[in-house]
Amino acid sequence: MSALIELFLCRTDNFGVLLHDEASGRTAAIDAPEAAAIEAALQRRGWRLTDILVTHHHGDHVEGIEALKASYGCRVVAARADARRIPAVDVTVAEGESVEVGTLTAEIIDTPGHTVGHIAYWFKQEKLLFAADTLFSLGCGRLFEGTPADMWRSLQKLRALPDDTQLYCGHEYTLANARFALSVDPGNQDLVKRAAEVEAQRAAHRFTVPVLLGAEKRENPFLRADDAGIAKGLGLAGADAVTVFAELRERKNRF
Ligand code: ZN
Ligand code: FE
């Protein structure tokens, strides 16, 4: 018995994710970007939706909640800090707590920065991390509500998880992220190789996610704001990590 995952595209570039617990038959959606796409995925697999694990309040992550709840009567789990901005919440959670999907357990990690109430779901035993719009493959979310210091702290928490963790994120942004990453870290041979892989994956219309967190630690510049080489490349030799992170995020906004 184990955890099965169905990954699919919603809207234009949002990932839809279903996580199915074979032992109990329960199925969770990570966020609800689009009810119709999620229902189609449930039908493909023959699964019934029992839970929605919400990461943050943005419309492209919550829009399908009410329709799905009306169809399936599923439980909606969301951050306590943001529950009033998220529709139809049943259970609220915060860092240090956990939530169960049948026999699967997610630890909650508070990851403010993209929004103040953003959370990530870490299934420690299954080695799965659902980081939504905090950590993208080769990138990170925009700072809509939090400060660079908030986001850097959040990314450090995710970076502290084991290398063999499979990272799932909120959007298929990896190709654009890879091109930006190369512009600030052109000498990183792991990144050069990965960027070529990503170009090929996208040319073949394949998803670039999931990806191992260990690879992200080597290749994602936003996880390396405390690396002396990255700082130097930005003309910020000796600067603190928050300053370097803020500069990376600014440059990405303009890229
Ligand atoms: Zn968002
Ligand atoms: Fe999003």
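In this predicted model, His61 is a buried residue, its relative accessible area coming to 2%. His61 is also one of the protein donors of the iron ion (ligand 2), an ion that lies 3.1 Å from the zinc ion (ligand 1).

**The iron site**
- The iron ion (ligand 2) takes its protein donors from Asp60 (OD), His61 (NE2), Asp133 (OD) and His171 (NE2), which lie 2.1 to 2.3 Å from the ion.
- Because the angles subtended by the four donor atoms run from 85 to 170°, the arrangement around the iron ion (ligand 2) is irregular; a tetrahedral assignment would require all angles to lie between 85 and 135 degrees.
- Along the sequence, the donor residues of the iron ion (ligand 2) follow the spacing D-H-x71-D-x37-H.

**The link to zinc**
- Asp133 coordinates both the iron ion (ligand 2) and the zinc ion (ligand 1), and with a relative accessibility of 2% Asp133 counts as buried.
- His61, in helix α2 (residues 59-62), and Asp133, in the loop between β10 (128-132) and β11 (135-136), are 72 residues apart, so that the pair links distant parts of the chain.

**The fold as a whole**
- The secondary structure of the protein consists of nine helices and 14 strands, and its radius of gyration of 18 Å is close to the 18 Å given by the globule rule for 255 residues, so the protein is as compact as a globular protein of that length.
- The C-alpha trace spans about 55 × 40 × 30 Å along its principal axes, and 52% of the 255 residues are buried.
- Of the contacts between residues at least 6 apart in sequence, 59% join residues at least 24 apart.
- The protein exposes about 10,500 Å², of which carbon and sulfur atoms supply 49%.

Technical notes: Residues numbered from 1 in each chain as written. Chains lettered and ligands numbered in written order. Predicted model: local features only at pLDDT ≥ 70, side-chain atom pairs only at ≥ 80, totals over all residues. Heavy atoms only, no water. Donors = N, O, S within 2.8 Å, 3.2 Å for Na, K, Ca; no water. Tetrahedral: all angles 85-135°; square planar, octahedral: opposite > 155°, others 65-115°. Helix = DSSP H or I, 4+ residues; strand = E, 2+ residues; numbered from the N terminus. Buried < 20%, exposed > 50% of the residue type's maximum accessible area, 1.4 Å probe, protein only. Rg over C-alpha atoms; globule rule 2.2 N^0.38 Å. Contact = heavy atoms within 4.5 Å. Areas by Shrake-Rupley, 256 points an atom, 1.4 Å probe, with all protein chains shown as cover.
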